[in-house]
Amino acid sequence: MTNALKSTTELNNVQAESPLVVAADVRKRFGTLEVLKGINVQIQKGEVLCVIGPSGSGKSTFLRCINQLEQIDGGAIWVDNELIGYRREGNYLHELTDAEIARQRRTIGMVFQRFNLFPHLTVTENITEGPVYVLGQKADEARKQAHELLERVGLYDKRDAYPAQLSGGQQQRVAIARALAMKPTLLLFDEPTSALDPELVGEVLRVMSDLAKSGMTMVVVTHELGFASEVADRVAFMDQGELIEIGTPEQVLSDPQHPRTQNFIKAVHKK
């Protein structure tokens, strides 16, 4: 199947020395509903971009498009100078095979609202599953790496526990360790604290903050404006499928210029 929605101009606009992520006029529909209406953004290596906005604004869909859990209907996405989901032949883009898509996904980690841990596997086994069966890592090496990552997220003492024996915050930290075990160049977070009890949010945000300080490139969909203010290099506000405003945390959270951003920030602070 071919796709001619992306123009030659769009494809040639991305230079060899491009940022880690480039989204050019990204569009997505679900039936007649246009969920993404031409998203344009570039994300530098080592940058933390927090994406905020009301529910239904397209934030999570945008992340899922980057990770190819959803196929875009227009525009193009590059990650680390590689066109996502397609290969170019002349002026046409041909969809990649499932195997090629799986290869591209290996460098993109994703942490979901729900932790998606395997309930029948221990914490260590959850983390080693991908490196062993996808990356071909030796079991002993994968186990050592898993334990190092558990130390990093403060859960080494839970290495032999099962998910049901952990709190929601602990499960989410295991999910972060599992994503890191695949050695991603890009880490996507889809509202990682929204399913947690309020007292458990802080422990997950602390791990994410440490990751940001370590230089990990992160795109974080979040309702935690305090976290965005402290950790983000830039904040993007989305509404109704559009990227309305983007800038430093000070610009977007403290001095937003667009009325839709202003109204959203005011509404959040009233809660």
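Begin by selecting every cysteine in this predicted model: a search of the whole structure finds 0 disulfides. Go first to Cys50, which is in no disulfide and whose nearest cysteine sulfur, that of Cys65, is 19 Å away. With a relative accessible area of 0%, Cys50 is buried.

Now move the selection to Cys65, where the closest cysteine sulfur is the one in Cys50, and where the separation of 19 Å is too far for a bond, given that a disulfide requires the two sulfur atoms to lie within 2.5 Å. Cys65 is buried as well, its relative accessible area being 2%.

Next, select residues 123-133, which form helix α4, together with residues 139-152, which form helix α5, and display their axes, which come within 9 Å and cross at roughly 125 degrees. At that angle α4 and α5 are therefore oblique to each other, and the crossing in which α4 passes α5 is right-handed.

With both helices still on screen, show the side chains along the contact. On the α4 side, select Val123, Thr124, Ile127, Thr128, Pro131 and Val132; on the α5 side, the residues that they meet are Ala139, Ala142, Arg143, Gln145, Ala146, His147, Leu149 and Leu150. If you colour the residues of this contact between α4 and α5 by class, they divide into 9 nonpolar, 4 polar and 1 charged, and the charged one is Arg143 of α5.

Definitions and conventions:
Residues are numbered from 1 along each chain as its sequence is written. This is a predicted model: local features need pLDDT of at least 70, side-chain atom pairs count only at pLDDT 80 or more; totals for chains, interfaces and linings use all residues. Side-chain values use heavy atoms; hydrogens and water are left out. Axes are lines fitted to C-alpha atoms, for helices over the stretch in contact, and angles run from 0 to 180 degrees between N-to-C directions. Helices (H or I, at least four residues) and strands (E, at least two) are DSSP runs, numbered from the N terminus. Angles under 35 degrees count as roughly parallel, over 145 as roughly antiparallel, 65 to 115 as roughly perpendicular and the rest as oblique. A crossing is left-handed if the near helix is turned anticlockwise from the far one by less than a right angle, and right-handed if clockwise. Contact means heavy atoms within 4.5 Å. Buried means under 20% relative accessible area, exposed over 50%, partly exposed in between (1.4 Å probe, protein chains only).
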